[in-house]
Amino acid sequence: MSLLFDPVTVSGLTLRNRLILPPMCQYNVTAKDGVPGPWHLAHLGARASGGFGMVVAEASSVLPEGRISDQDTGLWNDAQRDAWAPIVDFIRSQGAVPAIQLAHAGSKASTWPAHPGYPDEGIPLDEGGWETVSPSGVPAVSTVGPTRELSGAEIEQVIEAFAASARRADEAGFEAVLVHGAHGYLIHQFLSPVTNRRTDEWGGSFENRTRLVRRIVEAVREVWPAEKILGIRLSGSDWLEDSWGEQDTVRLVRELTGLGLDWVDVSSGGIGDTFQGPTGPAYQVPLADAVLAGTADLTLGAGQGMQVSDDGASRRLFVSAVGAITDPELAESVLAEGRADAVDIGRAALVHPNWPVEAAQSLGDERWRQLLAPAYHRGSWGRLSTPVRQRESAAAGVAG
């Protein structure tokens, strides 16, 4: 049987398999009030019924000015919390762990939705855009509008907003939160010396540049139930000179684990106009591998992280890998080679909502029958389509 479909216990929750639907922005709140609606139920519900072990709702802003676009979801008020609740209930009813990503876009906020027909740039103020904020008034990319430096008091408000949104996530029934510290958004902007040029306690040294994310993780952990999963998504590398890199990520994750972190999802990039890192299938797996290896010696608290031994006494940080993984055999190899504990299936799941079912059948794992929604059982009478294979073309990249 495949490792992909083995259950795993993280914190106090058991995922039915090692496949995660990562957060993917839908830009579909047409009322522009941050309240999720029928689209979000249909999108996330389909992937939950499609067999994923965890389904992560898109980057949802902790403050209105932190939205990437004006059609993003949010969790800065109770109306949004109440709208998320039935979506969460449905995800759970289909056997998946419901999760949400909490975010603030910083200087990359106030952009047009990433849909066909919209420009790839900031929304002008006279067309509904807003003033964005950042560590030093330095934009993460050149396509956004002007941005201003956050004051110390405003930074404290951001920290409070993450905690308040986490509390609402708990009240809505989510069982995992994923703090967004990647892709050139606000937390990442503080981490990188390219965008953080402050000379106060929030900038300069590694300790100062990581102060915001440490404070946010502490604040969220304080309000987030111990039996629920606390995670963070990080860019393992900016792929830029004199910026954030792999060893910085490992060092930070070790510190965050001491603050109660259970899970880290390792991506990359997001600062600068041109992506200068590797490409191709599984191109980010080496970063997850480095985090897994670099935290293997840590001693976690009772109930923290991933359960390794049957009695729960042995535990370690739960690490997931993401990035151009679409082939079941490639995904399986990432786990079989011990390079990550779980695999994110993102864009492939946009066109294959039942990717886990299809992958299990492709790998000859009979557990696909357990993952197939009862209402779709007759689909097994025909031939299930299988995800595009990429194992052979990616073998060298994963081995490296």
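UniProt annotations may be inferred rather than shown by experiment. With that in mind, the unreviewed UniProt entry assigns residues 4-269 to "domain: NADH:flavin oxidoreductase/NADH oxidase N-terminal". The model discussed here is predicted. Within it, residues 4-269 are 32% helix and 18% strand. The C-alpha atoms at the two ends of this span lie 26 Å apart.

Start with the interior. In soluble globular proteins, nonpolar side chains tend to be buried together. The largest nonpolar core of this model has 84 residues. Those touching the most other members are W84, I100, F162, F174, I232, V264 and I345. Helix α3, residues 152-172, gives the most to this core, with nine residues. A second core is separate and has 16 residues, including V10, M54, V97 and A176.

I232 shows what such a core position looks like. Beyond four places in sequence, I232 is in contact with L178, V179, G181, V213, V217, L256, L261, W263, V264 and D265. Two of these partners, V213 and V217, are also among the buried residues of helix α6.

That leads to α6 itself. The helix runs over residues 211-223 and has 13 residues. From its first C-alpha to its last, α6 reaches 19 Å, close to the 18 Å expected at 1.5 Å a residue. Its buried residues are R211, L212, V213, R214, I216, V217, A219, V220 and R221. They pack against helices α3, α4 (186-191), α5 (206-209) and α7 (246-257). They also pack against strands β8 (176-181) and β9 (229-235).

Helix α1, residues 38-49, can be read in the same way. Its twelve residues should span 16 Å at 1.5 Å a residue, and its end C-alpha atoms are 16 Å apart, so the two values agree. H40, H43, L44, G45, R47, A48 and S49 are buried in α1. The buried residues pack against strands β3 (19-21) and β4 (54-61). Their helical partners are α2, α10 (347-351) and α12 (368-371). After α1 comes G51, with a positive phi near 110°.

Now the aromatic residues. The structure holds five aromatic pairs. One of them joins W84 and F174 edge-to-face, at 5.7 Å centre to centre and 65° between the planes. This pair links distant parts of the chain, 90 residues apart. W84 sits in helix α2 (residues 78-93), and F174 in the loop between α3 and β8. W84 counts as buried because its relative accessibility is 0%. F174 is buried too, with a relative accessible area of 1%.

W263 and F318 form another aromatic pair, this one tilted: 6.4 Å centre to centre, with 45° between the planes. W263 lies in strand β10 and F318 in strand β13 (residues 318-321), so the pair ties together parts that are 55 residues apart in sequence. W263 has a relative accessible area of 0%, so it is buried. F318, at 1%, is buried as well.

Next, the backbone. Most residues other than glycine have a negative phi. S110 has a positive phi, near 55°. S110 is found in the loop between β5 (97-103) and β6 (132-134). Its relative accessibility is 3%, so S110 counts as buried. A282 also has a positive phi, near 60°. The place of A282 is in the loop between β10 and α8. A282 is buried, with a relative accessible area of 1%.

F275 lies in that loop between β10 (263-267) and α8 (285-294) as well. Is F275 buried or exposed? Neither label fits: at 39% relative accessibility, F275 counts as partly exposed. Outside its neighbours within four places in sequence, F275 is in contact with W239, S268, G269 and Y283. R316 is 41 residues from F275 in sequence, and their C-alpha atoms are 32 Å apart.

Finish at the start of the chain. S2 lies in the segment before β1 (8-10). At 5% relative accessibility, S2 counts as buried. What does S2 touch? Not counting residues up to four places away, S2 touches E332, L363, D365 and R367. The contact with E332 includes a polar one, side chain to side chain, at 2.3 Å.

Note on methods: Residues numbered from 1 in each chain as written. Predicted model: local features only at pLDDT ≥ 70, side-chain atom pairs only at ≥ 80, totals over all residues. Heavy atoms only, no water. Helix = DSSP H or I, 4+ residues; strand = E, 2+ residues; numbered from the N terminus. Buried < 20%, exposed > 50% of the residue type's maximum accessible area, 1.4 Å probe, protein only. Contact = heavy atoms within 4.5 Å. Core = buried A, V, L, I, M, F, W, Y, C linked by side-chain atoms within 4.5 Å. Expected span 1.5 Å × (residues − 1). Polar contact = N/O pair within 3.5 Å; in protein donor to acceptor, adjacent residues only side chain to side chain. Phe/Tyr/Trp six-rings, centres within 6.5 Å; stacked < 30°, edge-to-face > 60°.
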